[in-house]
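Reader: Could you walk me through how the strands pair up here, and then what sits on the surface? Let's take it one piece at a time.

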Amino acid sequence: METQSRGRLRGVPSERTVSSLLLTLIIGMCCVHALEMSTGKVPFLEAVNGSTVLLPCTYASCIGITNLYFKWEFNDNGTMRKMADSVIPTDNVEPNKVNIFRERVEYVGSSKGNNISILLWNITFEDAGIYTCFGKNPKEKGKNHSAIFTLYVVEELRKVDNTLTIIIASCVGGFIALLMAFMLLKNLTLFVLAKIEEKNKECLVTSSGIDNTENGLSGSKSTPKKA
């Protein structure tokens, strides 16, 4: 019996082993997503020719950064044109210098918010296309990360046709109004019927009382005494 119990205990992992496995799993998951680049929940924009647009990009790292290299590139018919780049020494420290390689580009990021966004001034139709926000953290042994942002340049913003929306809203509103009118009419009808029924009951009670009174009076009449 003692041997069997020892065998069972040997098969059960110790608390130290479980803790080590959990720590390894957490570190592994963290390393998989050590650096993440993002251009927002909506990675595209439609802007009017001649306007100024923001090309957003942020980074996040669960292991911290050291000399994070980042750059912006534009896909010019298959050729990647560098727009800006720099190196962020460490967390919450601004880059010493941001190199700009294209006109009308301005760096507006901030390391405090893990933000490496840029502005593109006075856009033209030639600026339409795919932009790539690239990042490389030496802590990850040379792994590269990137996110894309698509810019559409138009002569004027498209006017949204709300006709269908208005029709649907009108139908829904009319249905709700009709339903409310029906409920109101139903309640009014039930109220009137209840009052009529109550009045009929009162009439029956009154009539029954009168009949009982008449019957009592006729039954209480005294017969004349015989001489």
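Author: Happy to. Keep in mind that this is a predicted model.

Reader: Let's start with strand 11. In which sense does strand 2 pair with it?

Author: Strand 2 covers residues 44-48, and strand 11 covers residues 144-154. There are five bridges between the two, and one of them puts Val48 with Val154. The sense of this pairing is parallel.

Reader: And strand 10, which residue of strand 11 stands opposite Gly129?

Author: Strand 10 (residues 129-136) also pairs with strand 11, this time antiparallel and over eight bridges. Look across from Gly129 into strand 11 and you land on Leu151.

Reader: Now strand 5. Which residue in strand 10 is the bridge partner of Tyr69?

Author: Strand 5 and strand 10 run antiparallel, with six bridges. Follow the bridge from Tyr69 over to strand 10 and the partner is Lys136.

Reader: Which residue takes a positive phi in the hairpin of strand 5 and strand 6?

Author: Strand 5 (residues 66-76) and strand 6 (residues 79-90) are antiparallel neighbours joined by ten bridges. Asp76 faces Thr79 there. Two residues lie between the strands, and the one with phi near 55° is Asn77.

Reader: Off to helix 3, then. Why does Ile168 count as partly exposed?

Author: Ile168 sits in helix 3, residues 163-219. On the surface, it belongs to a nonpolar patch with about 920 Å² of accessible area together, whose members include Leu164, Val172 and Phe175. Partly exposed means between 20% and 50% relative accessible area, so Ile168 qualifies because its value is 47%.

Definitions and conventions:
Residues are numbered from 1 along each chain as its sequence is written. This is a predicted model: local features need pLDDT of at least 70, side-chain atom pairs count only at pLDDT 80 or more; totals for chains, interfaces and linings use all residues. Side-chain values use heavy atoms; hydrogens and water are left out. Two strands pair if DSSP finds at least two bridges between them. Helices (H or I, at least four residues) and strands (E, at least two) are DSSP runs, numbered from the N terminus. Patches are made of residues with over 30% relative accessible area and no salt bridge: like charges are joined within 9 Å, nonpolar side chains (Val, Leu, Ile, Met, Phe, Trp, Tyr) within 5 Å. Accessible areas come from the Shrake-Rupley method with a 1.4 Å probe; for residues, only the protein chains shown count as cover. A salt bridge is a side-chain nitrogen of Lys or Arg within 4 Å of a carboxyl oxygen of Asp or Glu. Buried means under 20% relative accessible area, exposed over 50%, partly exposed in between (1.4 Å probe, protein chains only).
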